[in-house]
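User: I am new to this structure and would like to learn how to read its features one at a time. Could you take me through them, giving the idea behind each feature before the case at hand?

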Amino acid sequence: MVQGLGSVIAWILDSEHQPTIDMKYVADFIAIERLRTKFLDRAFISAPIVVDWQKRIEEGLGDRILNVVEETVGTLNEQQRRLIISRLRSANTPPVALELEALCGQLKVVGFDKEMGELRSKLVHTGGYGDFEFPEAVKLYRELSHIVGVCVLRLLEFDGFYHHWATEWKPTPLKDHAAKDA
């Protein structure tokens, strides 16, 4: 087995055994997050600012920025300084949605949609669907489940037929669900 797929498969199985769509969805999203953290080649994402951003923060950029902030708002306490430096460190980090799109591009898998991340955020942060309607949540779960499954098959270098709820359980060639130019 490909090193690192164990936890992904565990989350896929967990998703399939959850009693509600929202919990199924969250478990499948954790599976794709595990794929991202284990298998995303960072070369598929350009750093928004510079590659050595963290080093620059540590070597004086952070202090220079804090000085400008203090000139503007007045003296900061240590907690405020740490908070600003923490935010500065994360300023060079691409959004998770961009990383998930890059993962799908790397694996030549189509179908990841920003709405998937939005629904995940609604479920995790509010415990509800927000402005998503229930049938739309089911559709997004079905599509996300399909994407996660195809990503796993691609990582396993599978090149045959598979079936999934999204294929109406019909045997489907994996290449039919892969981006040709990604």
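Analyst: Let us begin with a single residue, keeping in mind that this is a predicted model. A residue counts as exposed when its relative accessible area is over 50%, and Val73, with a relative accessible area of 58%, is therefore exposed. Val73 is found in helix 3, which runs over residues 53–73, and the C-alpha atoms of Val73 and His17 are separated by 52 Å, with their places 56 residues apart along the chain.

User: Where does helix 3 bend, and which of its residues are buried?

Analyst: One way to read a helix is to set its span against that of a straight one. A straight helix of 21 residues would span 30 Å at 1.5 Å a residue, whereas helix 3 spans only 25 Å between its end C-alpha atoms. Helix 3 bends by about 65° at Gly60, and Gly60 is also one of its buried residues, alongside Trp53, Ile57, Gly62 and Leu66. What covers these buried residues includes helix 4, residues 78–90. After helix 3 comes Gly74, whose phi is positive, near 100°.

User: How does helix 1 read when its span is set against the expected one, and which of its residues are buried?

Analyst: Helix 1 has twelve residues and reaches 17 Å from its first C-alpha to its last, which is close to the 16 Å expected at 1.5 Å a residue. Its buried residues are Leu5, Val8, Ile12 and Ser15. They lie on the same side of helix 1, because they cover an arc of only 80° around the axis. These buried residues pack against helix 2 and helix 7. Glu16, also in helix 1, counts as partly exposed at 46% relative accessibility, and its C-alpha atom is separated by 52 Å from that of Glu70, 54 residues apart along the chain.

User: Which residues touch the most other members of the largest nonpolar core, and which helix gives the largest share of it?

Analyst: The general idea is that nonpolar side chains tend to be buried together in soluble globular proteins. Here the largest nonpolar core has 37 residues, of which Tyr25, Phe29, Ile32, Leu35, Phe112, Met116 and Ile147 touch the most other members. Two or more residues come from each of helix 1 (5–16), helix 2 (21–39), helix 5 (96–107), helix 6 (114–126) and helix 7 (134–155). Helix 7 provides the largest share of this core, eleven residues. A second, separate core has six residues, among them Trp53, Ile57, Leu76 and Leu88. To look at one member of the largest core in more detail, take Met116, which, leaving aside its neighbours within four places in sequence, is in contact with Tyr25, Phe29, Gly111, Leu140, Glu143, Leu144 and Ile147.

User: How many aromatic pairs does the structure hold, and how is such a pair described?

Analyst: A pair of aromatic rings is described by the distance of the centres and the angle of the planes. The structure holds three aromatic pairs. In one of them, the rings of Tyr141 and Trp165 have their centres 5.7 Å apart and their planes at 50°, so this pair is tilted. The pair links distant parts of the chain, since Tyr141 is in helix 7 and Trp165 is in the loop between strand 1 and strand 2 (172–173), 24 residues apart. Tyr141 counts as buried at 6% relative accessibility, while Trp165, with a relative accessible area of 30%, is partly exposed.

User: In the loop between strand 1 and strand 2, is Thr167 buried or exposed, and which residues does Thr167 touch?

Analyst: Buried means under 20% relative accessible area, and Thr167, at 9%, therefore counts as buried. Thr167 lies in the loop between strand 1 and strand 2 and touches His146, Tyr162, Thr172 and His177, not counting residues up to four places away in sequence.

User: Which residues other than glycine have a positive phi, and where do they lie?

Analyst: Two such cases can be read here by their backbone angle and their surroundings. Lys108 has a positive phi, near 60°; Lys108 is found in the loop between helix 5 and helix 6 and counts as partly exposed at 33% relative accessibility. Glu157 is not a glycine either and has a positive phi of about 60°. Glu157 lies in the loop between helix 7 and strand 1 (161–162), and with a relative accessible area of 70% Glu157 is exposed.

Notes: Residues numbered from 1 in each chain as written. Heavy atoms only, no water. Core = buried A, V, L, I, M, F, W, Y, C linked by side-chain atoms within 4.5 Å. Buried < 20%, exposed > 50% of the residue type's maximum accessible area, 1.4 Å probe, protein only. Helix = DSSP H or I, 4+ residues; strand = E, 2+ residues; numbered from the N terminus. Contact = heavy atoms within 4.5 Å. Expected span 1.5 Å × (residues − 1). Bend = angle between axes of the 7 residues up to and from the residue. Arc of directions from axis to C-beta. Phe/Tyr/Trp six-rings, centres within 6.5 Å; stacked < 30°, edge-to-face > 60°.
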